[in-house]
Amino acid sequence: IVSWTGNTTAGATVKHGMAGEPEFIIAIARNESGENKPVYHKFMTSDNDHLKINENNAQGTAGTTIWDVSAMSSSVIGLGAAAQSNSTNGMIVFCFRSVVGMCKVAQYIPTNALNGPYVNLGFSPAFLLIKCIATTNPWIIFDNARNTFNPVTAYLLGNSDATEGTSGRDIDLLSNGFKIRENDSDTNGGTSNAYLYVAMSEAAIG
């Protein structure tokens with residue numbers, strides 16, 4: 001977690017203090033009314049590409065640069081000029097990267113079938129965040145605390161204050177990964193659009 005005062009200038013960087021390059025970042029502009037909360041992920045190709053943790057939008061482009069993808073490194077976050085990622089009123093960001101046995105940031109391709117994809121993490125996930133990159137589907141959050149056996153049916157929406165959902169998006173949290181058990185578009189729609197995920201083990205969040 002990093003906090004700093006931005007300068008709304010493209011090409012700026014800020015140190016993140018991790019031992020590797022960030023693969024997933026959630027940015028929040030402090031004391032900025034109406035600014036979105038943009039997300040960086042390692043599958044982006046453009047400095048203007050971004051998702052928004054506060055919306056269910058597909059990945060889109062902004063008129064002002066959000067990130068500096070080429071500057072992302074094991075020591076710094078690359079920033080664009082947009083206030084939503086580089087505000088002069090203060091920023092806070094949450095950075096994630098893959099660490100064996102602790103956290104994995106990656107993507108999977110859906111099957112659009114009840115017997116959905118299996119994703120090998122190398123650990124049992126205690127927290128799992130999923131979002132289709134290319135479509136207007138919500139951020140889906142699963143965990144191993146509310147349902148302690150499979151299938152896990154309880155989920156929250158990261159972009160909404162809606163109460164917990166309990167049907168239509170069943171998933172198995174396994175000893176070494178997870179398995180999608182529905183063909184719902186929020187977790188397993190179509191057969192081509194990639195689904196981004198961030199998974200963390202009990203050791204990472206305990």
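**An aromatic cluster and a buried arginine**

Let me begin with the cluster: Tyr108, Phe178, Tyr195 and Tyr197 come together as one aromatic cluster. Please keep in mind that what we are looking at is a predicted model.

Across the structure there are 7 aromatic pairs, and I would like to take you through two of them. In the first that I will show, the ring centres of tyrosine 108 and tyrosine 197 are 6.2 Å apart and the planes stand at 35°, so this pair is classed as tilted. That pair links distant parts of the chain, since tyrosine 108 belongs to strand β9 (residues 103-108) and tyrosine 197 to strand β16 (residues 195-201), with the two positions 89 residues apart in sequence. Buried means under 20% relative accessible area, so tyrosine 108, at 5%, counts as buried, and tyrosine 197, at 2%, is buried as well.

Tyrosine 197 also pairs with phenylalanine 178, this time edge-to-face, with 5.4 Å from centre to centre and 80° between the planes. Because phenylalanine 178 sits in strand β15 (residues 177-180) and tyrosine 197 in strand β16, this pair ties together parts that are 19 residues apart in sequence. Phenylalanine 178, like tyrosine 197, is buried.

Now to arginine 169, which is found in the loop between β13 (156-157) and β14 (171-173). Is this arginine 169 buried or exposed? Its relative accessibility is 16%, and therefore arginine 169 counts as buried. Its side chain makes a polar contact, at 2.6 Å, with the side chain of tyrosine 155. Leaving aside neighbours within four places in sequence, the residues in contact with arginine 169 include Glu182, Asp184 and Asp186, as well as Ile140, Phe142 and Val152.

Terms used: Residues numbered from 1 in each chain as written. Predicted model: local features only at pLDDT ≥ 70, side-chain atom pairs only at ≥ 80, totals over all residues. Heavy atoms only, no water. Phe/Tyr/Trp six-rings, centres within 6.5 Å; stacked < 30°, edge-to-face > 60°. Helix = DSSP H or I, 4+ residues; strand = E, 2+ residues; numbered from the N terminus. Buried < 20%, exposed > 50% of the residue type's maximum accessible area, 1.4 Å probe, protein only. Polar contact = N/O pair within 3.5 Å; in protein donor to acceptor, adjacent residues only side chain to side chain. Contact = heavy atoms within 4.5 Å.
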